[in-house]
Amino acid sequence: MKPNFQNNNLKIAIQKNGRLTADTLLFLKKAGLEIDTDGQKLYAKCWNYPLDIIFVRDDDIPDFVQNKSVDLGIVGENVLYEKNACVESKMKFNFGLCSLVVAVPRDSQIFNEADFQDKTIATSYPLTVAKYFKEKNIKVTIVKVTGSVELSPALGLSAGIADLSSTGSTLAISDLRTIAKIYDSQAVLISRQDGNIKKIELIKKLIFRFQSVLTAQKYKYVMMNAPKNKLKQIIQIAPGLKSPTISSLAKQDWVSIQTVIEEDVFWEKVSKIKDAGASGIIVLPIEKIIA
Ligand code: ATP
Ligand code: ZN
């Protein structure tokens, strides 16, 4: 069946089948976008936003955005750096986190980038890696490999590799040791400067929704009971977005406190609050925060 794209709808390209796909679809869902996906499709419609979703290989996403085939894309920064497409990165999603690292076999005599002088390095990111070594004035020969890069040294193809790594486990399994990091990467939303006012408005509204999901992910909603005389101390630890909500309890001289706590300091703050005398602490995830 011929795809029935509406001209006024936004089109967003996302990875069809890979490491970013599940997190991307989950994020769109958290932003309240209802998308009918059965995993087999090349495109899907959003039922409650003028948005069509196009499923493609991640490498094609920057070009699709640049040449106006789509308005938006969700792709790893690593692909952007390699492609050099004329697109802008609008926001970071905090998923698809990984780094492009340089690694060598555990028993290699290479210990730093300079040791790569006149050696070969295998990678799926030849332009980025060439630029990296050129800037350091180190002459390397780059071998482009599109998959299973970790096997290259064992196959005698190269002295080392430059590849994406998140936990480092794939490198460890292949008996490789990291000697340098070229960059960190995560999934980003990309678009181009477009003259179409209607579309710019739709993109703005979409980014507003996405930002509210991201902000919400940074916090937890916390409710607790505490003796009234500990209130000041607890508010100092967890001041909330503007200020906590305080209500009286039936028990004399006790209050109920509702506040939010940042995820990255959550345990530290909750234990301080508990030590300060709070009890019955209830923690809830937050769906969205409209700042
Ligand atoms: P495609 O078939 O779409 O071309 P691919 O094989 O190039 O897929 P994937 O392995 O699915 O790509 O990775 C997609 C993206 O996921 C990467 O470009 C990167 O941004 C991100 N990513 C996160 N962690 C890792 C990791 N450990 N290794 C590789 N990519 C990672
Ligand atoms: Zn790819």
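Start by zooming out: the C-alpha centres of domain 1 and domain 3 lie 38 Å apart. What you have open is a predicted model, so read every distance and angle here as computed from that prediction.

**Colour by domain**

Give each of the three domains its own colour. Domain 1 comes in two pieces, 10-95 and 187-216. Domain 2 covers 98-185, and domain 3 takes in 219-285. We'll visit them in that order.

**Domain 1: the six-stranded sheet**

Switch to cartoon view and find the open sheet of 6 strands. Reading across, the order is β2-β3-β1-β4-β11-β5, and the pairing is mixed. The edges are β2 (43-45) and β5 (88-92), each of which pairs on one side only. On average, neighbouring strands in this sheet are turned by 25° against each other, ignoring direction.

Now select residues 10-15 and 51-56. These are β1 and β3, and they pair in the parallel sense over 6 bridges. Want one pair to look at? Pick Leu10: its bridge partner in β3 is Leu51.

Next, add the helices that lie across this sheet. Select 21-30 for helix α1, which lies across β1, β3 and β4 (72-76). Its direction is about 145° to β1. Then select 197-217 for helix α6, which lies across β1, β3, β4, β5 and β11 (187-191). Helix α6 runs at about 30° to β5.

While you're on helix α6, click Lys204, one of its residues. Is Lys204 buried or exposed? It is exposed, with a relative accessible area of 51%, which is over the 50% cut-off. Now draw a distance from its C-alpha to that of Lys90: you should get 10.0 Å, although the two residues are 114 apart along the chain.

**The zinc ion**

Select ligand 2, the zinc ion, and show the side chains around it. Which protein residues donate to this zinc ion? They are Asp58 and Asp59, each through OD, at 2.0 to 2.1 Å from the ion. The site has 4 donor atoms, with angles among them of 75 to 174°, and counts as irregular. Why not tetrahedral? Because that label needs all angles between 85 and 135 degrees, and the range of 75 to 174° goes outside those limits.

Try a surface view on the two aspartates. Asp58 counts as buried because its relative accessibility is 18%, under the 20% cut-off. Asp59 has a relative accessible area of 28%, so it is partly exposed.

**On the way out: Asn94**

Go to Asn94, in the loop between β5 and β6 (98-105). Its phi is near 65°, a positive value in a residue that isn't glycine. That is worth a click because most residues other than glycine have a negative phi.

**Domain 2: the five-stranded sheet**

Move to 98-185, the stretch assigned to domain 2. Look for an open sheet of 5 strands, ordered β8-β7-β9-β6-β10, with mixed pairing. Its edge strands are β8 and β10 (176-185), each pairing on one side only. Neighbouring strands here are turned by 25° on average, direction ignored.

Highlight β6 and β10: they run antiparallel and are joined by 8 bridges. For a pair to label, take Ser99, which stands opposite Asp184 in β10.

Now show helix α4, residues 126-135. This helix lies across β6, β7 (119-123), β8, β9 and β10, and its direction is about 100° to β10.

One more stop in this part: Ser148, in the loop between β8 (140-144) and β9 (160-165). Ser148 also has a positive phi, about 45°, without being a glycine.

**Domain 3: strands around β12**

Finish with 219-285, the stretch of domain 3. Select β12, residues 219-227. Strand β14 (254-262) is antiparallel to β12, with 9 bridges between them. Strand β15 (279-285) is antiparallel to β12 as well, joined by 5 bridges. Label two pairs: Val222 opposite Thr259 in β14, and Tyr221 with its bridge partner Leu284 in β15.

The last click is Asn229, in the loop between β12 and α7 (231-237). Asn229 is exposed, at 67% relative accessible area. How far apart are the C-alpha atoms of Asn229 and Gly277? They are separated by 9.6 Å, with their positions 48 residues apart along the chain.

Methods
Residues numbered from 1 in each chain as written. Chains lettered and ligands numbered in written order. Predicted model: local features only at pLDDT ≥ 70, side-chain atom pairs only at ≥ 80, totals over all residues. Heavy atoms only, no water. Donors = N, O, S within 2.8 Å, 3.2 Å for Na, K, Ca; no water. Tetrahedral: all angles 85-135°; square planar, octahedral: opposite > 155°, others 65-115°. Buried < 20%, exposed > 50% of the residue type's maximum accessible area, 1.4 Å probe, protein only. Pairing = 2+ DSSP bridges. Helix = DSSP H or I, 4+ residues; strand = E, 2+ residues; numbered from the N terminus. Axes fitted to C-alpha atoms, helices over the stretch in contact; angles between N-to-C directions. Contact = heavy atoms within 4.5 Å. Domains from an automatic or database assignment.
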